[in-house]
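Visitor: Could you walk me through this one? I'd like to chat about the fold, the core and a few odd residues.

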Amino acid sequence: MTVRVQEADFDVGAELAALRAGDARVGALASFLGLVRDMNDGASVSGMTLEHYPGMTEKSLEAIVAEARQRWDIYDALVIHRVGPLKPCDQIVLVAVTSAHRGESFAACEFIMDYLKTQAPFWKKEATADGGRWVDARDTDDSAAARWK
């Protein structure tokens, strides 16, 4: 299991190759890549700054991955989440999961992402034409996470 919170961008192909490297048991690798959009809630977004609580954020992500490992028969998981200033089209988050079969990888990957959106301590501030604004939690994120309870 690998969890990283970082300002630097990442190479998706290299990260996925490293996650499955040398493990002949792996029959499935599911992944999700989140990107910065140029629009949100009807406003043009020119940039976003992500903040976090160092130490607490990593522990929260590790706990989410540990719960996924208890629920599904997965081999490994990777979560990379960027912080700091970002612009539209930048990569924000990568979640990837390996397992023997696709069902476990898909479910665990989706679970990790749903819980990350609702339980990990990140704060997002968007830059818009009207100035900066903090991004509120979405009801749809809460609904997505609630289905796993």
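Guide: Here is a short tour, from the whole chain down to single residues.

Visitor: What should I know about the model and the numbering?

Guide: This is a predicted model, where local features need pLDDT of at least 70, side-chain atom pairs count only at pLDDT 80 or more, and totals for chains, interfaces and linings use all residues. Residues are numbered from 1 along each chain as its sequence is written, and side-chain values use heavy atoms, with hydrogens and water left out.

Visitor: How many helices and strands does the chain have?

Guide: Four helices and nine strands. Those are DSSP runs numbered from the N terminus, with helices being H or I of at least four residues and strands E of at least two.

Visitor: And in what order do the elements run from the N terminus?

Guide: The order is β-α-β-β-β-α-β-β-β-α-β-β-α.

Visitor: What's the radius of gyration, and what would a compact globule have?

Guide: The chain has 16 Å, which agrees with the value near 15 Å for a compact globule of 149 residues. That radius is taken over C-alpha atoms, and the globule rule is 2.2 Å times the number of residues to the power 0.38. Along its principal axes, the C-alpha trace spans about 50 × 35 × 30 Å.

Visitor: What share of the residues is buried?

Guide: Buried residues make up 44% of the 149. Buried means under 20% relative accessible area, exposed over 50%, and partly exposed in between, using a 1.4 Å probe and protein chains only.

Visitor: What about the contacts along the sequence?

Guide: Among contacts in the chain with a separation of 6 or more, 77% are between residues 24 or more positions apart. Contact means heavy atoms within 4.5 Å.

Visitor: Changing topic: which residues have the most contacts inside the largest nonpolar core?

Guide: They are Leu61, Trp72, Val79, Val95, Phe111, Ile112 and Leu116, in a core of 32 residues. At least two core residues each come from strand 1 (2–6), strand 4 (43–52), helix 2 (56–71), strand 5 (74–82), strand 7 (91–99) and helix 3 (102–119). Helix 3 gives the largest share, eight residues. A nonpolar core here is a set of buried Ala, Val, Leu, Ile, Met, Phe, Trp, Tyr and Cys residues joined through side-chain atoms within 4.5 Å.

Visitor: Which residues is Val79 in contact with?

Guide: Leaving aside neighbours within four places in sequence, Val79 contacts Thr2, Val3, Arg4, Leu61, Val65, Leu94, Val95, Ile112 and Leu116. There's also a second, separate core of seven residues, including Phe10, Leu19, Leu78 and Leu94.

Visitor: Glu15, is that buried or exposed?

Guide: Glu15 counts as buried because its relative accessibility is 16%. Glu15 sits in helix 1 (residues 12–20). Beyond four places in sequence, Glu15 touches Arg4, Phe10, Leu78, Ile80 and Leu94.

Visitor: And where is Thr98 found?

Guide: Thr98 is in strand 7, and is buried, with a relative accessible area of 1%. Not counting neighbours within four places, its contacts include Leu19, Val26, Ile74, Tyr75 and Ser105. Thr98 and Trp123 are 25 residues apart in sequence and 29 Å apart in space, C-alpha to C-alpha.

Visitor: So what does Trp123 touch?

Guide: Outside of residues up to four places away, Trp123 touches Thr49, Leu50, Glu51, His52, Tyr53 and Trp134. Trp123 and Tyr53 are 70 residues apart in sequence, with 9.2 Å from C-alpha to C-alpha. Trp123 lies in strand 8 (residues 122–128), and is partly exposed at 41% relative accessible area.

Visitor: Back to strand 4: is Val45 buried or exposed?

Guide: Val45, which lies in strand 4, is buried, with a relative accessible area of 3%. Among the residues Val45 touches, leaving out those up to four places away, are Arg37, Met39, Pro88 and Ala127.

Visitor: Now the backbone. What is phi of Cys89?

Guide: Phi of Cys89 is near 85 degrees, a positive value in a residue other than glycine. Cys89 is in the loop between strand 6 (84–86) and strand 7, and is exposed at 67% relative accessible area. Asp41 also has a positive phi, of about 50 degrees, although not a glycine. Asp41 lies in the loop between strand 3 (39–40) and strand 4, and is exposed, with a relative accessible area of 61%.

Visitor: Why point those out?

Guide: Because most residues other than glycine have a negative phi.
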